Amino acid sequence: MRLAIAGIATESCTFSPVNTTLEDFRILRGDDLLRRYAFMQDKPVLPLILARALPGGPVTPEAYEGIKEEFLGRLREAAPLDGLFLDMHGAMNVVGMDDAEGDWMRAARQVVGPQCLISASYDLHGNVSRQVVDNIDILTAFRHAPHTDAEETRKRAFGLLERSLREGLRPQRAWLAVPVALPGEKTSTEWEPGATLYARLRHTDRIPGVLDASLLVGYVWADEPRAMASVVVVGTDMEVLEREARALAMHYWNAREQFRFGAPAGSIDDCITWALEEPATGIFVCDSGDNPTAGGVGDTSFFLERLLKRRVEDAILGGIADAEATDACYRAGVGARLELALGGKLNPTGSQPLPVRGRVLHLHPGANDRQAVLQVDGVKVVVSSKRRPYHYVDDFHRLGLDPSEHKMVVVKMGYLVPDLKRIASRILLALSPGVVDQAIERLPFERIRRPIYPLDPDMAWQPG
C-alpha cells in the first residue's frame with residue numbers, strides 16, 4: 001500500500017482581534033513529521049507536511065494558501081496513492097473562508113482522485129461540514145476532553161485506513177449536524193452527561209455494519225454557519241449508519257440541558273472570595289474567558305485588577321502575554337523595581353492596560369518566548385513575550401514558582417489538564433470576560449446558524 005500523511009490544525013476564534021500568521025505555525029516535514037507518530041515507525045508512509053498552531057484568531061489567507069500550496073505540491077509528487085491520512089483539528093477559520101478544512105479536503109481529493117481512500121482524525125471540538133464528509137472516506141474524533149486520547153485517535157484513524165485498504169472496503173459516512181453550541185468546559189467527558197454519551201460510542205462501534213462512531217461537541221467561538229455539534233458514523237451499511245447517527249444525535253440533543261461546568265463557577269470576585277475562604281493552599285482558579293488554548297488573546301487584565309483591588313496577599317497569575325512588559329523586565333533585570341502598563345493592549349472585550357508597580361523576581365530566556373515573574377503587591381505575575389498557556393507544573397517550576405505553596409493560582413484556561421488537576425486542592429471556574437467567554441450569549445454572534453441551543457432555548461428539533 002502506498003500511503004501518505006499530512007495535516008493542518010488550529011482552532012480559530014472569530015471574535016479574536018489577533019490573526020494567526022505563518023510564523024505562528026510549527027511546520028514539520030520529512031523524518032521530523034514521522035517521528036511524531038510512534039505507531040508509524042515501522043510503516044512505509046510518505047511524510048508530506050504537518051502544520052499546527054496554538055488556537056488564536058482567524059488564519060491569514062497568505063498563511064493558509066502558502067501551506068496549502070506546499071501540501072498540494074508534495075501530494076502531486078507522491079501520487080499515485082492508495083491512502084492519505086490527514087491529521088486535522090476541525091475548527092480552523094481563514095479570513096474570508098468559513099470552511100477551511102472542507103477546502104483543504106476538496107483540494108486533496110482533486111489531486112488524489114476518487115479511488116484513493118482519505119482518512120482524517122479530528123478534535124472533538126471540530127466543526128464538520130458537508131464539504132468535509134463528501135470529500136473523505138473516514139473521519140474519527142477524540143473521545144476524551146481533556147484530550148488524553150489524541151494519539152489513540154490518530155492511530156485509530158490510520159488503522160481504519162489500513163484495514164479498509166487491506167480488506168477492500170469503501171467506507172460510507174452518515175453525518176448529522178446537531179443544533180447545539182456549548183463550550184468544552186461544560187461538555188467534558190469526565191462528568192455527566194458527557195461521560196455516558198461518549199461511553200456509548202464504544203458500543204456503537206461493535207454494531208455490524210459500523211466501523212467507527214464519533215460525537216463532536218464542535219467549536220462554539222467561531223461565528224460561522226457550521227459551528228455546532230455533529231455526529232459522524234463510518235461503516236459499510238448505510239441504513240445502519242443513518243439509524244445509529246440519528247440515535248446518537250438524539251441522545252446528545254436530549255442531554256443538552258444537563259451539561260454543567262465541572263467546577264464551581266462564578267464571577268471573578270465570586271471565585272476570589274471562595275478561594276480566600278478555603279483553609280488550603282494550591283487553589284486553582286481558571287480565567288476561562290481568556291484561555292489561549294481555546295483562542296483567547298492571553299492579555300486581559302481583568303483578573304489582575306480584581307486581585308490587586310481585593311488586596312490578595314498570596315497568589316500567582318499565569319500569565320499575561322505582553323511583549324512590551326516582558327522586554328521592560330529584561331532591561332531592568334532581576335531585583336529591579338519598575339512601573340508598567342500591564343496587559344490589555346489588544347483591547348479585547350474592553351480590557352485596558354493596567355498600571356502596576358512591581359519587582360522583577362525571575363527571568364527565563366526562551367529561544368522564541370522570553371518570560372518574567374513580576375511581584376506586584378501580593379501577586380506574582382508571569383508575563384511572556386508571546387501568547388501561551390501555563391498548563392503544566394513544570395511551566396511554573398522553570399520560573400522558580402511552586403503552585404502548591406501559594407494560596408491561589410490563577411491560570412488562563414478552561415478545565416484543568418490532568419497535570420495541574422492532580423496538585424490542585426480545589427478548582428474554581430471564573431466566568432471572566434474575553435473572546436472565548438463561557439457565557440456565549442454575551443458574544444456578538446451574527447452568522448451562526450439559527451435557531452441553535454442555547455441561544456434559542458425554546459427551539460424544537462428532530463434529526464433529519
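This is a short walk through a few parts of the structure, from one helix to the cysteines, a cavity and a buried aspartate. Please keep in mind that the model is predicted.

Let's start with helix 7, which runs over residues 238–254. Its 17 residues, at 1.5 Å a residue, should span 24 Å, and the C-alpha atoms at its two ends are indeed 24 Å apart, so the expected and computed spans agree. At the start of this helix, D237 brings a side-chain oxygen to within 3.1 Å of the backbone nitrogen of E239.

Which residues of helix 7 are buried? They are V240, L241, E244, A245, L248, A249, M250, Y252 and W253. It helps to recall that an α-helix has 3.6 residues a turn, so residues three or four places apart point the same way. The cover over the buried residues of helix 7 includes three strands and a helix: strand 7 (172–178), strand 8 (210–216), strand 9 (229–235) and helix 6 (194–205).

Now for the cysteines. A disulfide is a covalent bond between the sulfur atoms of two cysteines, and this structure holds zero of them. Why does C13 form no such bond? The closest cysteine sulfur to that of C13 belongs to C286 and lies 18 Å away, which is too far for a bond. C13 is buried, with a relative accessible area of 0%, and C329 is buried as well, with a value of 0%.

Next, the empty space inside. Rolling a probe the size of a water molecule over the atoms shows where empty space is left. Here the count comes to one cavity of 30 Å³ or more, and the largest cavity has a volume of about 40 Å³. Its lining is made up of P292, G298, G318, G319, I320, A321, S384, R388, Y390 and K412. Strand 12 (residues 315–321) gives the largest share of that lining, with four residues.

Two of the lining residues, G298 and K412, turn up again around D290, since both are among its contacts. D290 sits in the loop between strand 11 (283–287) and helix 9 (302–309), and it is buried, with a relative accessible area of 0%. Beyond its neighbours within four places in sequence, D290 is in contact with G296, V297, G298, D299, T300, K412, S432, P433 and V436.

Following the chain onward brings us to helix 9, whose buried residues are F302, F303, L304, L307 and L308. Just after helix 9, R311 takes a positive phi of about 55°.

Conventions:
Residues numbered from 1 in each chain as written. Predicted model: local features only at pLDDT ≥ 70, side-chain atom pairs only at ≥ 80, totals over all residues. Heavy atoms only, no water. Expected span 1.5 Å × (residues − 1). Buried < 20%, exposed > 50% of the residue type's maximum accessible area, 1.4 Å probe, protein only. Contact = heavy atoms within 4.5 Å. Polar contact = N/O pair within 3.5 Å; in protein donor to acceptor, adjacent residues only side chain to side chain. Disulfide = S-S within 2.5 Å. 1 Å grid on protein atoms, 1.4 Å probe; cavity = no way out; pocket = protein on both sides within 12 Å on 5 of 7 lines; lining within 4 Å. Points joined across faces, edges and corners; volume = space filled by probe spheres on them.
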